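User: I'm new to this one and would like a close look at just one part. Could you pick a spot with some empty space and take me through it?

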Amino acid sequence: MRPNDFGKSKLLIVEDDFLIAHTIQMAAQKAGIEVIGKATKMDEALILCRQIKPDFATMDVKLKDDISGFEVARVLEEEYGVPSFFISAFRNELPPACAELETCLGWIDKPFSAPQLKLRFEAILTVLMQKSA
Amino acid sequence: MTQATQPYLQLIGAPALIIDRAGNILDLNRQARTLLSGIDIGISLKRLSVDGAATLSTLLEHSEQTTASLPFQLELEINGKSFLLNGTCKCLTRDGEEPLFGLVQEAHSLGHFVALNNKIELLNSEIAMRKDVQAKLEQALTKNQFLLSELQHRVLNNIQIQISLLDQQALHADDERFKELANKANQRLCALSQSLKVMYNDEGLSHVSAAQLFADILGHLRNTFGDKTEIEFQASGEWLIPNDFVNAYALLLNELMTNAFMHGLQGKPGKIVVDLFQKDHDIILEVSDPGPGFGRRDHDKGSFGLNIIYGLCSQVGARFEIDYNDGCICRLIVSNPSKVDLGKVGMNAA
């Protein structure tokens with residue numbers, strides 16, 4: 001689904017910390033994005049994707065089930081064509097992994113505040129709109 | 001053969017062998033078996049010779065022509081191990097008989113050899129022990145690096161959680177002043193986390209690069225202020241901030257930038273210029289914006305932001321000045337930084 005074709009852009013949050021996931025949700029809603037669900041690991045993310053395909057996902061790099069966020073992002077990209085926006089504490093672990101993905105939407109360093117993330121979401125929406133135009 | 005030669009061989013206290021002209025071992029005593037472990041009757045010494053039998057052939061040829069014992073030195077390789085036979089060779093038969101040769105290891109060289117062998121074994125066991133210790137150290141290092149990385153992740157994650165809590169509290173508040181304060185607190189936490197990251201990433205343990213620290217904080221603030229605010233940063237040369245002061249400088253820059261954004265740009269598009277340079281014996285950090293500057297408005301005087309700036313300046317031994325000249329220039333001045341703080345390159349004088 002193209003963003004805004006049938007309403008709001010849809011976001012899947014892949015994050016294993018409740019409070020951080022909630023902040024991401026808050027920032028997304030402030031940016032006018034609909035959150036289709038929050039997953040804490042790969043299988044939950046895939047189930048949610050099958051139910052409603054999101055326009056993009058926010059991806060925590062370090063998940064609790066020992067499967068890296070990069071791996072989840074790769075599966076989302078290959079199986080569902082869903083691009084990811086990464087969230088990581090350390091910037092230096094991001095560029096090489098992102099370069100291997102075709103549809104990486106960038107990343108934000110932890111810690112971030114909701115207003116900062118909202119600004120990034122607005123920029124992502126612009127990119128998605130341009131791609132779908 | 002062995003029945004005839006064994007009594008002779010047993011009388012010799014040193015390792016001794018009897019070989020034929022082809023170099024095949026016909027008999028050997030117990031000492032020889034011990035010294036040259038792995039050899040036995042029937043084995044060819046020529047095949048074991050490191051030089052391909054040339055030395056042994058020459059030795060046997062010369063020995064056959066004399067009744068004297070001839071000194072020799074023969075390097076053998078048996079099952080991957082090197083042995084040095086060093087002794088005398090004597091032809092034991094005469095006149096028409098098939099010649100036999102007795103090889104006897106000299107006692108003094110035997111002692112030398114045994115000592116050498118013992119030393120090699122000692123060294124080998126020490127090498128094995130050191131390899132074992134090295135493997136354990138490498139394991140411990142890998143484990144500690146993992147734990148350190150985990151710890152760093154958790155520290156940053158905890159700061160993230162504090163920010164998330166404040167964000168959510170602000171979301172549910174009706175009071176705009178509370179929201180503003182929560183945002184400011186979050187920005188300060190972000191500045192502190194940037195200083196932690198720079199300290200984690202820096203290879204030096206005692207200092208971090210000021211240019212790197214400030215660039216990272218400004219990069220983070222670009223995300224906060226948005227596209228309408230242009231941030232220009234110039235740093236000339238190297239100034240190293242001692243780890244003890246990194247948090248303080250991170251907060252100081254954050255306060256100056258927040259002030260420039262709020263009071264300088266006042267929500268309008270504009271540019272904030274950050275300049276780090278040396279003038280005479282001072283390191284100067286300047287933050288310039290086109291606005292009226294803080295400290296001018298009544299409620300700024302004695303504000304928490306200004307208190308933080310003056311307090312932290314006093315902590316790090318810096319001076320704080322504000323110039324109002326076609327905008328506002330806030331200036332932190334560090335006088336006479338130490339040579340260590342100026343690193344190898346130092347700052348380029350303005």
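Analyst: Let's go for the largest cavity, whose lining has four nonpolar, six polar and no charged residues. (Nonpolar means Ala, Val, Leu, Ile, Met, Phe, Trp, Tyr, Cys and Pro; charged means Asp, Glu, Lys and Arg; the rest, Gly included, are polar.) Keep in mind that this is a predicted model, where local features need pLDDT of at least 70 and side-chain atom pairs pLDDT 80 or more, while totals for chains, interfaces and linings use all residues. Residues count from 1 along each chain as written, chains are lettered from A and ligands numbered from 1 in written order, and side-chain values use heavy atoms, without hydrogens or water.

The cavity holds about 40 Å³ of space, and the structure has two cavities of 30 Å³ or more. (On a 1 Å grid over the protein atoms alone, a 1.4 Å probe fits in a cavity but can't get out; a pocket is open, with protein on both sides within 12 Å along at least five of seven lines; lining residues have an atom within 4 Å of a point.) Chain A supplies A:Q116 to the cavity's lining, and chain B supplies B:Q187, B:C190, B:A191, B:Q194, B:I217, B:H220, B:L221, B:T224 and B:N254. The elements that give two or more of these are α6 and α7 of chain B. (Helices are DSSP runs of H or I, at least four residues; strands are E, at least two; both are numbered from the N terminus.)

Now, A:Q116 turns up again in the largest pocket, which has a volume of about 670 Å³. Among the 26 residues lining that pocket, A:Q116 is one of those closest to its centre, along with A:S113, A:P115, B:K179 and B:N183. Two or more lining residues come from each of α1 (18–30) and α5 (114–132) in chain A, and from each of α5 (107–171), α6 (176–201), α7 (210–225) and α8 (243–265) in chain B. The largest share is from α6(B), with eight residues. The mix is eleven nonpolar, eight polar and seven charged.

What does α6(B) pack against? One partner is α8(B): their axes come within 9 Å and cross at roughly 140°. (Axes are lines fitted to C-alpha atoms over the stretch in contact, with angles from 0 to 180 degrees between N-to-C directions.) The two helices are therefore oblique to each other, being neither under 35 degrees (roughly parallel), over 145 (roughly antiparallel) nor 65 to 115 (roughly perpendicular). Some cavity-lining names come back here: B:Q187 and B:A191 are among the α6(B) residues in this contact, and B:N254 is among those from α8(B). (Contact means heavy atoms within 4.5 Å.) By class, the contact has seven nonpolar, six polar and four charged residues.

Follow α8(B) a step further and you meet α9(B), residues 304–316, at about 150° with the axes 10 Å apart. On the α8(B) side the contact includes B:F245, B:Y249, B:L252 and B:L256; on the α9(B) side it includes B:I308, B:I309, B:L312 and B:V316. Eleven of the residues in this contact are nonpolar, two polar and one charged.

Back on the chain A side, A:P111 sits in the loop between β5 (107–109) and α5 of chain A. The peptide bond from A:K110 to A:P111 is cis, with omega near -5°.

Methods. Grid points are joined across faces, edges and corners, and a volume is the space filled by probe spheres set on the points.
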